[in-house]
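Me: I have a structure open and want to go through a few parts of it. Can you take short questions as they come up?
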Amino acid sequence: MSRSKQSMLTRPYAVLILIAISLAGAAIYSSIAFDALTSPDKNEPAVVLEIRPVVDGRIASLSNDLVVSVLVTAPLPPDMVRESGRDTAVVFAGAVKRYATISREVLGPIIKGWNELFSRRGVSGRAYIGLSVQVDVINVSARRSLLAGIESITLDLETVAKGYIGHSVLGIDISASDETRVARLGVTSVEYYDPSTAPINSWFFSDEEEQEPLSAVSDNHDVCIDIGDGLRECYKPTYYAGVDDFADALPSEYFRVVDGVTYMRVPVLVAVNDFPSMSATVIVSITTTARSPALGVYPTYAIGPNIAKMLNDPNYPEFASATVWKGGGLVWGGERFGFHRSLILHPRGETNTGWVWIYARPYIEIYSVYLVTDAGTDAIEEDGTYLRDDVTFSISDILLSGDEIESGYAYGMPHEIINNYFFEGTEEAFVTRLSSGGSIRLKTVFQACDKCGADFEIGIPVGAIVAAAASLAAPLSGPVAVRLPGFAVSLSNVGASIYIEGGVQNYGDVPGTPGDYDVGESVYVRVSKFRYRADPPLLCFRCSPCYYVAPVGMYLRFH
């Protein structure tokens, strides 16, 4: 679905404020150094997704009347973004019993583009992107959807480029879903095969009909999947907003154009030390340290009814309910990426507040999903049965100089409209009390929010950015504005030996600094009003999901 910058921003923006994207680490990586293979055939699979149903904690098979509808999107490298105007493209769409194969003809140009980009930037270690996999378990005979979900799967760019086939097993618990019918998903393994020894024939045709693979990445039009028996599931792109949509709404200094592609300042830390009476000098620092696998971006996903309608119509009366969760694999990252920034906040004057940013390309993408019987794509909404909206909040790329993430800082606050939306759809949570001279690590702040061990670290406030930009272009009168800022994307590290470090230090009375005192400081953080769902291990029978709140923009206040 194409949409001009003006037309997108003159439409309302709703549920997004509450969503954060996590800058974090990914789940499964290839730690083996693979030798280069001979030039692979373009018709060979580049990636195979093996769909495995789980029933009562055990691997099972789909019954004859069930199939899985699968839609896979990949982030585009900047040179392809320039051509398409969007940050993602569909690389697979089909109905499967077990295997979804993505050909090298389709995925190869994307992998090549990313590898060439990271090479130009001087990246020294492994780099990664990820696929977003939307699945829906369909009962063909009953002609209805049973449950649906979205998951992210990480790809080792170097290994796939060398000709190896990435094989990921994605489990779907078809016996356990709540009233939202959002499935429990989990990637149980990731392996890379030499095509000469891989079971390619079984991957393509084992127990299913021959697929009609895409011959090229799909543009942003409707995608319909033939389910069988005259039934199709159609994914209709109904909302999209990216950096180019925000460029006219925020000051020019918030943007950088590199090789014809625009990046924007995205807040990762905002700190406020402006208590009007006695207060101490506070120092806040943030450091990413990649000691093993990677630092990168996890997406945030949501499924719910009529979310796009609420975003597109300021007078839409219903606040959409949504199930929200962090993707399990990173969709952008590298094993040596990192940055460091610090702020010294005096209680008086212009340095009592400050913020840290990175240059990135955040976006939101929504597909409205329909079941259609014997109808053309032009009749999707008229003749189809509406099922749900699938929502992705993510970041497709972050600027790098070598392995260093390009970042900056300033005293004062982000643009007032962005700052205002931090408070819409978020709430303040107490973390701890620091005596004069006391300190805490940022890890303590993360743990105060994430009660489920989901590793949601720095919440990048994509929802607040979308809400702010849209409101500047078209001020709204309805309640939609408060629905966006709580959506954030996770910027995190992976594994026990990876750290997002830094912390908060109460320096008390610093000699020569007027207006500060040796007093204690209470530390607060703003968190999303949305509860994020963290599922238990896929094979854990009778385990229940855990729910937690995510920090949005690492917005700290000292009192």
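Me: Which residues of α3 are buried?
Reply: This is a predicted model. In α3 the buried residues are R104, V106, L107, I110, I111, G113, W114, L117 and F118.

Me: Why might buried positions in a helix be three or four places apart?
Reply: An α-helix has 3.6 residues a turn, so residues three or four places apart point the same way. In α3, the buried set includes L107, I110, W114 and L117.

Me: How many residues does α3 have, and what does it reach from first C-alpha to last?
Reply: Helix α3 covers residues 104-120, which is 17 residues. From its first C-alpha to its last it reaches 23 Å, close to the 24 Å expected at 1.5 Å a residue.

Me: What does G122 do just after α3?
Reply: G122 takes a positive phi of about 80 degrees there.

Me: OK, glycine. What is the phi of D229, then?
Reply: Phi of D229 is near 55 degrees, a positive value in a residue that is not glycine. Most residues other than glycine have a negative phi.

Me: Where is D229 found?
Reply: D229 is in the loop between β11 (223-228) and β12 (231-241).

Me: Is D229 buried or exposed?
Reply: Exposed, because the relative accessible area of D229 is 57%, and the cut-off for exposed is over 50%.

Me: What about the phi of D259?
Reply: D259 is not a glycine either, and its phi is positive at about 55 degrees. D259 sits in the loop between β13 (255-258) and β14 (261-272). With 53% relative accessibility, D259 counts as exposed.

Me: Changing topic to the surface. Which residues make the nonpolar patch of about 280 Å²?
Reply: I344, Y409 and Y411 make that patch.

Me: Where does I344 lie?
Reply: I344 belongs to strand β20, residues 340-345.

Me: And why does I344 count as partly exposed?
Reply: Because its relative accessibility is 39%, and partly exposed runs between the 20% and 50% cut-offs.

Me: Now the whole protein. How many helices and strands are there?
Reply: The protein has 11 helices and 34 strands.

Me: What share of the residues is buried?
Reply: Buried residues are 60% of the 559 in the protein.

Me: What area does the protein expose, and how much of it comes from carbon and sulfur?
Reply: About 20300 Å² is exposed, with carbon and sulfur atoms supplying 47% of it.

Me: Last one: what share of the contacts with a separation of 6 or more is between residues 24 or more positions apart?
Reply: Those residues account for 83% of such contacts.

Conventions. Residues are numbered from 1 along each chain as its sequence is written. This is a predicted model: local features need pLDDT of at least 70, side-chain atom pairs count only at pLDDT 80 or more; totals for chains, interfaces and linings use all residues. Side-chain values use heavy atoms; hydrogens and water are left out. Helices (H or I, at least four residues) and strands (E, at least two) are DSSP runs, numbered from the N terminus. Buried means under 20% relative accessible area, exposed over 50%, partly exposed in between (1.4 Å probe, protein chains only). Contact means heavy atoms within 4.5 Å. Accessible areas come from the Shrake-Rupley method with a 1.4 Å probe; for residues, only the protein chains shown count as cover. Patches are made of residues with over 30% relative accessible area and no salt bridge: like charges are joined within 9 Å, nonpolar side chains (Val, Leu, Ile, Met, Phe, Trp, Tyr) within 5 Å. A salt bridge is a side-chain nitrogen of Lys or Arg within 4 Å of a carboxyl oxygen of Asp or Glu. The expected span of a helix is 1.5 Å times one less than its number of residues.
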